[in-house]
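Here is a short briefing to read alongside the structure. Please have the coordinates open as you go.

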Amino acid sequence: MDIRVDKDACLGCGLCVKDCPMDVYELQEGISVPVKPKNCMGCLSCHEICPSQALEHRGIYPARRHYIDIRVCEMLNRVI
Ligand code: SF4
Ligand code: SF4
């Protein structure tokens, strides 16, 4: 997974470090660094929690996830 952190935007809050279920990030000198990018499962939870939108996952976009979520909700509503 190609994960980029905008060093100018990162606040060093550590929320992505705590939130990531796969321990992808580590704080180094006040900046989040994706030290284990291969662990990433693409859940995009870190995007949602980052207050400064400093994270980028090449090839995966939050809008796509929201679109999929909406489609799943629509499907479930039809079944239930
Ligand atoms: S997308 Fe999910 S697994 Fe990947 S770095 Fe973000 S929180 Fe961790
Ligand atoms: S959540 Fe965002 S601002 Fe906070 S450490 Fe992670 S990348 Fe930086």
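Among contacts in the chain between residues at least 6 apart in sequence, half of the picture is long-range: 50% join residues at least 24 apart, where two residues are in contact if their C-beta atoms, placed from the backbone, lie within 7 Å. This is a predicted model, in which local features need pLDDT of at least 70 and side-chain atom pairs count only at pLDDT 80 or more, while totals for chains, interfaces and linings use all residues. Residues are numbered from 1 along each chain as its sequence is written, and chains are lettered from A and ligands numbered from 1 in the order in which they are written.

**Fold**
- The chain holds three helices and four strands; these are DSSP runs (helices H or I, at least four residues; strands E, at least two), numbered from the N terminus.
- Their order along the sequence is β-α-β-β-α-β-α.

**The β2–β3 hairpin**
- Strand β2 (residues 25–28) runs antiparallel to β3, and four bridges join them; strands pair if DSSP finds at least two bridges between them.
- One of the bridge partnerships links Gln28 with Ile31 in β3.
- Two residues separate the strands of this hairpin, and Glu29 in the turn has a positive phi of about 50°.
- In a regular strand, side chains alternate between the two faces of the sheet.
- Along β3 (residues 31–34), Ser32 and Pro34 point to one face and are buried, whereas Ile31 and Val33 point to the other and are not.

**Burial and core**
- Of the chain's 80 residues, 14% count as buried, meaning that 20 or more other C-beta atoms lie within 10 Å of their own (exposed: 12 or fewer; partly exposed: in between; C-beta atoms placed from the backbone).
- The largest nonpolar core has nine residues: Cys16, Cys20, Val24, Tyr25, Cys40, Cys46, Cys50, Ala54 and Leu55.
- Such a core is a set of buried Ala, Val, Leu, Ile, Met, Phe, Trp, Tyr and Cys residues joined through C-beta atoms within 7 Å.

**Around ligand 1**
- The residues around ligand 1 include Cys20, Val24, Cys40 and Cys46; a residue is near a molecule if its C-beta atom, placed from the backbone, lies within 6 Å of it.
- By class, this shell has nine nonpolar, two polar and one charged residues.
- Beyond four places in sequence, Cys20 is in contact with Tyr25, Ser45 and Cys46.

**Ile49 in helix α2**
- Ile49 belongs to helix α2 (residues 45–49).
- Ile49 counts as partly exposed because it has 14 C-beta neighbours inside 10 Å.
- Ile49 and Asp19 are 30 residues apart along the chain, yet their C-alpha atoms are separated by 7.7 Å.

Definitions and conventions
Nonpolar A, V, L, I, M, F, W, Y, C, P; charged D, E, K, R; others polar.
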